[in-house]
Amino acid sequence: MSIWRGLKQALISDEGGGPVSASGPEEQGATLKPLPKDAMIIIPLRNTVLFPGVMSPLSVGRASSVAAAQEAARSEQPICFLLQHDAEKNEVAPDDVHWVGTAGQVVRYVTAPDGAHHLIIQGQSRVRVLEFLDGWPFLVGRVAAVDSPETMTPEIEARFLQLKERAAEAIQLLPNVNEELAGAVQQINTPVLLADMVANLMDVSAEEKQTVLESFDIKQRLDLVLNMLGQRVEVLRLSREISDKTRKEFDERQREHVLREQMRQIQKELGEDEGSAAEVEELKKSIEEAGMPEETLKHARKELKRLERMSDAGGEYSMLRTYLEWLTELPWKDEPQKAIDLAEARRILDEDHYGLEKIKRRILEYLAVRKLNPQGKSPILCFVGPPGVGKTSLGQSIARATGRQFQRVALGGTHDEAEIRGHRRTYIGALPGNIIQAIRRAKSRAGVLMLDEIDKLGAGGFHGDPSSALLEVLDPEQNARFRDNYLGVDYDLSKVMFIATANVLDTIPGPLRDRMEVIQLQGYTEEEKLEIARRYLIKRQLETNGLQAEQASLTDAAIRAIISGYTREAGVRNLEREIGSVFRSVAMQIAEGKADSVTVDIDDLHAILGPRKFENELAQRSAVPGVATGLAWTPVGGDILFVEVSKVPGSGKLILTGQLGDVMKESAQAALTLAKSYFDESLDKVDLHVHVPAGATPKDGPSAGTAMFLALVSLLSGKPVRGDVAMTGEISLRGLVLPIGGVKEKVLAALRAGIKTVMLPRRNEKDLEDVPAAAREHLEFVFLDNVADAVRCAMDMDPGQLSTRGEEQAA
């Protein structure tokens, strides 16, 4: 933007009015009366101020202004030029103009072929209008000249020199300035002319110029012009800086463009792939649109510049391109979250899963908190339970209920830290870790990420410890700046909802377990399995085997028979497998045309599934002395086990078989010592053999003491333990029954095995709250304070009947 008007080539127009005739100045004025000697023709100007001593071009368009100019040119009289207050006004009255203006002489008058009237005016002196006169077709007024003394005082001279210096500085800052202008300004030797000349050349408003014109005191006028020029010089200096910076950036871009074009031509001559330039441009566009944080964006641009300088035939080119593709394909932008509808989430959870009320309530609590606090951190849940109880499918239901994307990361057998944190890019074939890969697949930074089988992580070695790498992932205070080794930049995982699954907690390292909210999923009762089969398994297997609901069906009796006779598990995985076998048999019958629809009942199962795989062994195995039924906890749910004791001639040794662990061996020794206290006979000439089938399965745990004690007492007393009673609990040498864990799993195992009475330590009575109501209704519970209570319940006899010493021990 130029702030100087300079010596303009274009004419200054006072635009307005309609077209006028192209008559010359001699065609009018013959009929006009002469002007008084002290009067002068007045032409109003729009947005233009004429200064004394300045020659300016002017074009006139209003009829009155044309008439005034023609009369002045004809009579060779000066004209008074006054600035209008309102530039938009066409009909001008005396009150519409400033009364101080400049008297000027028409040097040249030109009428163009198109009818326009152009003047060249030479400013002569300042004038003040004393009175406006009527009787002419244009403005006429009595005027008086305003003289400015030419006295050169030291103060005026100082201002004069300073104004020259600043004017020279301003001219140097002007772009494409005429060199003669600087010389012309420097040759002015009077303060009055210099002030008027500089004011005329400055790009300021007409009102500001009018203020200078009306400053009659030369000192005041110089100060006013100096102040205005100082402001314009600052603007001009800033404009020059901006212009230089813009030109420099433009030159750099132009240089870069030329170099790129040269590089493209070189690559073309070398026969390299011309598509690489298009790939780079596409990557550049993707980087700018990815929405990366500022630090990551800066890093990506730097890597892109490296890529542009590489030959696409080099090996590093493809590695770097793959890296940039990973950066651009990750979700960086915040996504609009789906409105949380608790009623809809509850409906989805109930539709997908039967039971599991505690887990459903915890998920709904999370959704309620997220609804009230959208910026809150996502919980890190860990579902622990036997296989087949629905841990993985529950994670999918959570994603569906929350409206998020779901991805699963299998951690079983992971032994390399790089599987979590990624490989460094220095390695061939390096990739991000499984966490970042799952985020990319989900295409969302706020999805549900399931870490499956977290309890089966491999042990740390020279590859690093994967469980330690997960500490950062599962820590809400750290995962907002998770750094994958491959990416090399921070990535925000704080909005991801992590859900881990495990069969057991014991193998999960303590620090990792501490970062998760553990939720136990126990096994299902027979009634729950029946309901799950009705609602989900049958429907799913019908679809899998291409059957319609009206073509195949299973009776409830058949389902119960499959549950009890063909499966023995905490979950429903094998149950679904057996139902699938039944429906495959039905599908074959329908496909062969032997039937249109088949209903499978309990009597049909033997032909389809074969003989029952599991029988009730309690009656035949517990009907002899020396056998007791215990309850055990396993990683796949609860189970029953038999403790068998036999007596043979010997030297008083205790023989233990059945792959017992150290804890169970100590329990057997404590049970024998306690049993000896109930009998008078010496056991020094016999060996007692304790066996726990099956021998191929390792067993250990602090809950078999009661069963071992009763098996020993049963053998030594010759009275069998009731076959419908199962027990669990550790014992002390004083005969106390100590509390144990896994009550729910053990109770459900007893129910599956047909047990009627379950004996538990008294201090585990509170744990029955976790046992389903249906299971509690089908079982009788006896709570033990000491082993005497166990003898009374399981053997239907008073401990005092064993021996007189037994009576004292019981007391």
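This passage describes the overall make-up of a predicted model, one helix pair and one buried serine.

Residues are numbered from 1 along each chain as its sequence is written. Because the model is predicted, local features need pLDDT of at least 70 and side-chain atom pairs count only at pLDDT 80 or more, whereas totals for chains, interfaces and linings use all residues, and side-chain values use heavy atoms, with hydrogens and water left out.

The chain contains 27 helices and 25 strands (DSSP runs numbered from the N terminus: H or I of at least four residues, and E of at least two). Of its 811 residues, 49% are buried (under 20% relative accessible area, 1.4 Å probe, protein chains only; exposed is over 50%, partly exposed in between). The accessible surface is about 40,100 Å², 50% of it belonging to carbon and sulfur atoms (Shrake-Rupley method, 1.4 Å probe).

Helices H10 (residues 342-352) and H12 (residues 391-402) pack at about 155°, with axes 9 Å apart (axes are lines fitted to C-alpha atoms over the stretch in contact; angles run from 0 to 180 degrees between N-to-C directions). H10 and H12 are therefore roughly antiparallel (over 145 degrees; under 35 is roughly parallel, 65 to 115 roughly perpendicular, the rest oblique). Ala345, Arg347, Ile348, Leu349, Glu351 and Asp352 of H10 make the contact with Ser397, Arg400 and Ala401 of H12 (heavy atoms within 4.5 Å).

Ser467 lies in helix H15 (residues 466-473) and, at 9% relative accessibility, counts as buried. Leaving aside residues up to four places away in sequence, Ser467 touches Leu457, Pro509 and Leu512.
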